[in-house]
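Q: Please take a close look at the aromatic rings of this model, at what sits beside them, and at the parts of the chain that they lead to. I would like one connected account, with the cut-offs given as each term comes up.

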Amino acid sequence: MPVQIPDDSDFTSFKEQCESQDGWIPRYNKGAVTVWCRGEESRTVQKLKMRIVCKDVTAETLYDVLHDTSYRKKWDTNMIDTYDIGRLTVNADVGYYSWKCPSPLKNRDFVTMRSWLPLGSDYLIINYSVKHPQYPPKKDYVRAVSLQTGYLIQASGANCCTLYYLTQVDPKGSLPKWVVNRVSQFVAPKAMKKIYKASQKYPEWKRKHNPNLKPWMFPEQNTLPCISVSDLTVQRADSLENIDESSLSEEKTHHSDDEET
């Protein structure tokens, strides 16, 4: 299936999903964080939506944090590796991301096409999985599939904003129920709080690390190699190996960060 770069209608549709309450079931609501899931989704391919209100962070700062891969390595403790592969247009690229799954599950990775759009006082970033011939599945990872993932940042005052994160991922495996429950009750809220805290510290960090370098805002700064959409195909979930991890038990470890939620 050929890859299509999102257009304005795709961004508008994503924004509407973030803002809509229809069909979404609350799973977590504590402090400034809310997590919803879709009632009709299967246990394996779950659609989650999260929202956090950030009272002392501007929308532009949060947008920069989500783009800045150098800074992500400072705060995203679930990440194993991430890097940009190439650019498609001034507001679309292809990248790689791998992350640690709860033990004893195998770690997952993605190759995704990402596109972004500042829209008035809103900022949007969306992605979905693609196949790149030079980045096939790796031996030590399960190649997962992002069917649709993205962020909506909405300014809600001079120095505050609201962040939505919506994701539908096929983890390519039968997961035990404790994993599904833990994602909505612990992993998702913790991830949102991490982004918030990272955004509070970002302006000071950025002043010391290439403060004027923001290729996501200034395309002329982008030094990534150009790649063609014709080099890519949509990553279909049914073309990847499934693994059965449904019988694995949760390893009893101390999750101090989880307890904060």
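A: Rings of Phe, Tyr and Trp (for Trp the six-membered ring) are taken as a pair if their centres lie within 6.5 Å, and the pair is stacked with planes under 30 degrees apart, edge-to-face over 60 and tilted for the rest. By that rule the structure holds eight aromatic pairs. The model is a predicted one, in which local features need pLDDT of at least 70 and side-chain atom pairs count only at pLDDT 80 or more, while totals for chains, interfaces and linings use all residues. Residues are numbered from 1 along each chain as its sequence is written, and side-chain values use heavy atoms, leaving out hydrogens and water.

One of the pairs is formed by Tyr83 and Tyr135, whose rings are tilted, at 6.2 Å centre to centre and with 45° between the planes. This pair links distant parts of the chain, 52 residues apart, since Tyr83 belongs to strand β4 and Tyr135 to the loop between β7 (122–131) and β8 (142–143); helices (H or I, at least four residues) and strands (E, at least two) are here DSSP runs numbered from the N terminus. Are these two tyrosines, Tyr83 and Tyr135, buried or exposed? Neither label fits, because buried means under 20% relative accessible area and exposed over 50%, with partly exposed in between (1.4 Å probe, protein chains only): Tyr83 has a relative accessible area of 25% and is partly exposed, and Tyr135 is partly exposed at 24%. Elsewhere, ring pairs join Tyr71, Tyr202 and Trp205 into a cluster.

Two tryptophans have a charge over the ring, a term used if NZ of Lys or CZ of Arg is within 6 Å of the ring centre and within 35 degrees of the ring normal. The charged end of Lys49 sits over the ring of Trp36, 5.1 Å from its centre, while Arg38 lies over the face of Trp24 at 5.0 Å from the ring centre.

The residue number of Lys49 leads to strand β3 (residues 46–54), which is largely enclosed by the rest of the structure, because seven of its nine residues are buried. Strands count as paired if DSSP finds at least two bridges between them. Strand β2 (residues 33–38) runs antiparallel to β3 and is joined to it by five bridges, and nine bridges join β3 to strand β10 (residues 161–170), again antiparallel. Met50 shows both contacts in one residue, being the bridge partner of Val35 and standing opposite Tyr165 in β10.

Helix α2 (residues 59–67) is likewise largely enclosed by the rest of the structure, because eight of its nine residues are buried. Its buried residues include the aromatic Tyr63, together with Ala59, Thr61, Leu62, Asp64, Val65, Leu66 and His67.

The loop between α4 and β12 (233–234) offers a contrast in accessibility, for it holds Asn210, which counts as exposed at 54% relative accessibility. Phi of Asn210 is near 45°, a positive value in a residue other than glycine. Pro215 has its place in the loop between α4 and β12 too, but is partly exposed, with a relative accessible area of 22%. The C-alpha atom of Pro215 is separated by 9.1 Å from that of Val90, although the two residues are 125 residues apart along the chain.
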